[in-house]
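Here's a quick briefing to read with the model open beside you. Take the topics in order, or skip to whichever one you care about.

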Amino acid sequence: MAGEGDSEPEKSFKLFGFLDVKNTPCARESVLYGSLGALVMGLGHFLATSRVKRSCDVAVGSYICTMLGYWFYCRFNLAQQRIRQRMLKEGMKNRFLFEGSYLDPEKKQTGSERSNS
């Protein structure tokens with residue numbers, strides 16, 4: 001049967017010759033939202049003014065603004081998520097490391113244990 005066991009390397013789509021849309025985080029969504037924003041703004045401007053050249057200029061400008069705006073928003077959220085994951089991983093490691101010892105913050109310390117430390 002064709003398709004079983006075939007491991008064809010998937011081709012990646014490069015935008016502008018350097019932006020690998022498939023493997024770069026947030027790139028696909030940025031391009032899609034930018035295209036949608038350009039379509040809506042360009043078409044809306046054309047319907048309002050009937051000026052073709054100016055509507056194309058508005059579409060290109062809104063594409064750039066929407067794409068870059070969503071790119072920075074998505075990358076910022078991705079960086080925050082990675083920081084939270086790193087902190088959670090470190091906290092879990094410390095939890096397992098200190099669990100049951102006198103350094104365990106959840107363990108109730110008695111008066112005699114406090115004087116020993």
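**Cysteines first**

Let's start with a cysteine out in the open: Cys65 has 57% relative accessibility, so it counts as exposed. Keep in mind that this is a predicted model. Searching the whole structure turns up one disulfide, two aromatic pairs and two salt bridges.

**The disulfide and the other cysteines**

- The disulfide runs from Cys26 to Cys74, with the sulfurs 2.0 Å apart.
- Cys26 sits in the loop between strand E2 (19-20) and helix H1 (27-49), while Cys74 belongs to helix H2 (residues 52-98), so the bond ties together parts that are 48 residues apart in sequence.
- As for handedness, the angle about the S-S bond is -70°, and the link between Cys26 and Cys74 is left-handed.
- Both ends are tucked away: Cys26 is buried at 7% relative accessibility, and Cys74 is buried at 16%.
- Cys56 comes out as partly exposed, since its relative accessible area is 44% and the exposed class needs over 50%.

**The nonpolar core**

- The largest nonpolar core is a set of five residues: Val31, Ala38, Ala59, Tyr63 and Met67.
- H1 and H2 are the elements that contribute two or more residues to this core.
- The biggest share comes from H2, which supplies three residues.

**The tyrosine cluster**

- A pair of aromatic rings is described by how far apart the centres are and by the angle of the planes.
- For Tyr33 and Tyr70, the ring centres are 4.8 Å apart and the planes meet at 70°, so this one is edge-to-face.
- That pair links distant parts of the chain, with Tyr33 in helix H1 and Tyr70 in helix H2, 37 residues apart.
- Tyr70 also pairs with Tyr73, this time in a tilted arrangement, with 6.0 Å from centre to centre and 45° between the planes.
- Tyr70 and Tyr73 are three residues apart in helix H2, so about one helical turn separates them.
- Put together, the ring pairs join Tyr33, Tyr70 and Tyr73 into a cluster.
- How does accessibility look across the cluster? Tyr33 is partly exposed at 43% relative accessibility, Tyr70 is partly exposed at 23%, and Tyr73 is exposed at 52%.
- Tyr70, then, falls in the partly exposed class because its 23% is not under the 20% that buried requires.

**A nonpolar patch on the surface**

- Tyr33 turns up again here, forming a nonpolar surface patch with Leu36, Leu39 and Val40.
- Together these residues have about 420 Å² of accessible area.
- Leu36, one of the patch residues, is found in helix H1.
- So Tyr33 has two roles in this briefing, because it belongs to the ring cluster and to the nonpolar patch, and its 43% relative accessibility puts it in the partly exposed class.

**Salt bridges along H2**

- One salt bridge pairs Asp57 with Lys53, where the closest N and O atoms are 3.5 Å apart.
- Asp57 and Lys53 both lie in helix H2, four residues apart, or about one turn of the helix.
- Asp57 is partly exposed at 41% relative accessibility, whereas Lys53 is exposed at 63%.
- A second salt bridge brings Glu90 together with Lys93, and here the closest N and O atoms are 3.6 Å apart.
- Glu90 and Lys93 are also both in helix H2, three residues apart, again about one turn of the helix.
- Both partners are partly exposed, with Glu90 at 39% relative accessible area and Lys93 at 48% relative accessibility.

Note on methods: Residues numbered from 1 in each chain as written. Predicted model: local features only at pLDDT ≥ 70, side-chain atom pairs only at ≥ 80, totals over all residues. Heavy atoms only, no water. Disulfide = S-S within 2.5 Å. Buried < 20%, exposed > 50% of the residue type's maximum accessible area, 1.4 Å probe, protein only. Core = buried A, V, L, I, M, F, W, Y, C linked by side-chain atoms within 4.5 Å. Phe/Tyr/Trp six-rings, centres within 6.5 Å; stacked < 30°, edge-to-face > 60°. Patch = residues over 30% accessible without salt bridge, like charges linked within 9 Å, V, L, I, M, F, W, Y side chains within 5 Å. Areas by Shrake-Rupley, 256 points an atom, 1.4 Å probe, with all protein chains shown as cover. Salt bridge = Lys/Arg side-chain N within 4 Å of Asp/Glu carboxyl O.
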